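Good morning, colleagues. Please look at the model on the screen while I go through its pockets and its surface.

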Amino acid sequence: GAFSLTSQAVQLRMFPPVRVLQTSYETRGRVYVPIINWILMLAAIGLVLGFRTSSGLAAAYGIAVNSTMAITTVLAFNVALTYSNWGRFRSLLFLLTFLSVDLAFLVANLTKLEHGGWFPIAVGIVFFTVLSTWRQGSAILARELALQADSLETLIGEITHNKPVRVPGTAIFISPWIREAPPSLRHHLRHNKVLHEQVIVLNVVTEDLPKVPADERLEIENFAQGFHRVILHYGFMQQPNVPSELARCKEQGLDIDLNDTTYYIGYQSLVLGEKRGMARWRDYLFAFLTRNASDSTTYYHLPSDRVVELGYQVRI
């Protein structure tokens, strides 16, 4: 459960990218996350050393179960309000009915806070802080990068006018944006002053669905000057595998020689400047998470001998 939830949180961009291993050739949902396994091991050892007996752990367990029940009720209310035809009145009736029972149990267990009930609350606060900091920090970083980015059409217009040197092969620039040109592409062109004959801007989009069928996963848009945009759609329970999907582009008329392809990945070096939406300590936490996140080569299953990382500084 911890492995699956972590994998889905990464896909939904609510958790830093981590190494996710597929453990089954038949079932995509069977995953193993090494870093989470280490965290679980250390947490289990810490619990045994800290509480010593199962009776000492009972207070922590009770608070954990009751708080989970209350959170689940609130989430179910949101689902009923957003995705069902219950309406606001029936959804509120459902919330008040179940939440009154959940909160009654939770309040009754608050007397156990000093006897170990604080532990699950502390764990919840830590994970919520990490998740919210990563999500808000990523939004701030994306906003700062978007201020410096041009549309892909604008960049192609400049290339048509300036005509940089073109070399054989295919360059694939991985980008989080659909319309803007990747900063790594602009950075590469400004400093190296050369482009491949075929340039592909690749977007990997995680849909609000568990799975996206294979025949609906690939979207291709062609531009002038040998530019193409490829959008890969995945569900939050699926793991991206970029090379295998690019091999299918030939079915839609885009021929890519994977043996003559270079993947360009932008690496942002964060510079902490004036406050722009988060407290200073959260800026440092976000910078730490960014430095220790899994690299895109592993996350997208790219061949490491064909990856070029382009670093540039971004002030947040």
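The second largest pocket holds about 1,200 Å³ of space, in what is, I should state at the outset, a predicted model. Its lining comprises 40 residues, and those closest to the pocket centre are R13, P17, W134, P176 and Q268. Helix α5 makes the largest contribution to this lining, with seven residues. Sorted by class, the lining of the second largest pocket contains 24 nonpolar, 11 polar and five charged residues.

I turn next to the largest pocket, whose volume is about 2,100 Å³. Here 46 residues form the lining, and A2, L5, T6, F127 and L131 lie nearest the centre. Which helix provides the largest share of this lining? That is α3, with 12 residues. The helices that each supply at least two lining residues are α1, spanning 2-11, α2, α3, spanning 54-83, α5, and α9, spanning 280-292. As to the character of the lining of the largest pocket, 35 residues are nonpolar, nine are polar and two are charged.

Finally, the surface. A nonpolar patch of about 950 Å² is formed by I35, W38, I39, M41, L42, I45, L49, V123, V126 and F127. F127 thus appears in this patch and also among the residues nearest the centre of the largest pocket. Two helices, α2 (34-51) and α5 (118-148), each give at least two residues to the patch. Of the patch residues, seven come from α2, which gives the most. One of the patch members, L49, sits in helix α2. L49 has a relative accessible area of 61% and therefore counts as exposed, the cut-off being over 50%.

Methods. Residues are numbered from 1 along each chain as its sequence is written. This is a predicted model: local features need pLDDT of at least 70, side-chain atom pairs count only at pLDDT 80 or more; totals for chains, interfaces and linings use all residues. Side-chain values use heavy atoms; hydrogens and water are left out. Patches are made of residues with over 30% relative accessible area and no salt bridge: like charges are joined within 9 Å, nonpolar side chains (Val, Leu, Ile, Met, Phe, Trp, Tyr) within 5 Å. Accessible areas come from the Shrake-Rupley method with a 1.4 Å probe; for residues, only the protein chains shown count as cover. A salt bridge is a side-chain nitrogen of Lys or Arg within 4 Å of a carboxyl oxygen of Asp or Glu. Helices (H or I, at least four residues) and strands (E, at least two) are DSSP runs, numbered from the N terminus. Buried means under 20% relative accessible area, exposed over 50%, partly exposed in between (1.4 Å probe, protein chains only). On a 1 Å grid over the protein atoms alone, a cavity is a set of points where a 1.4 Å probe fits but cannot get out, and a pocket is an open set with protein on both sides within 12 Å along at least five of seven lines; lining residues have an atom within 4 Å of a point. Grid points are joined across faces, edges and corners, and a volume is the space filled by probe spheres set on the points. Ala, Val, Leu, Ile, Met, Phe, Trp, Tyr, Cys and Pro count as nonpolar, Asp, Glu, Lys and Arg as charged, and the others, Gly among them, as polar.
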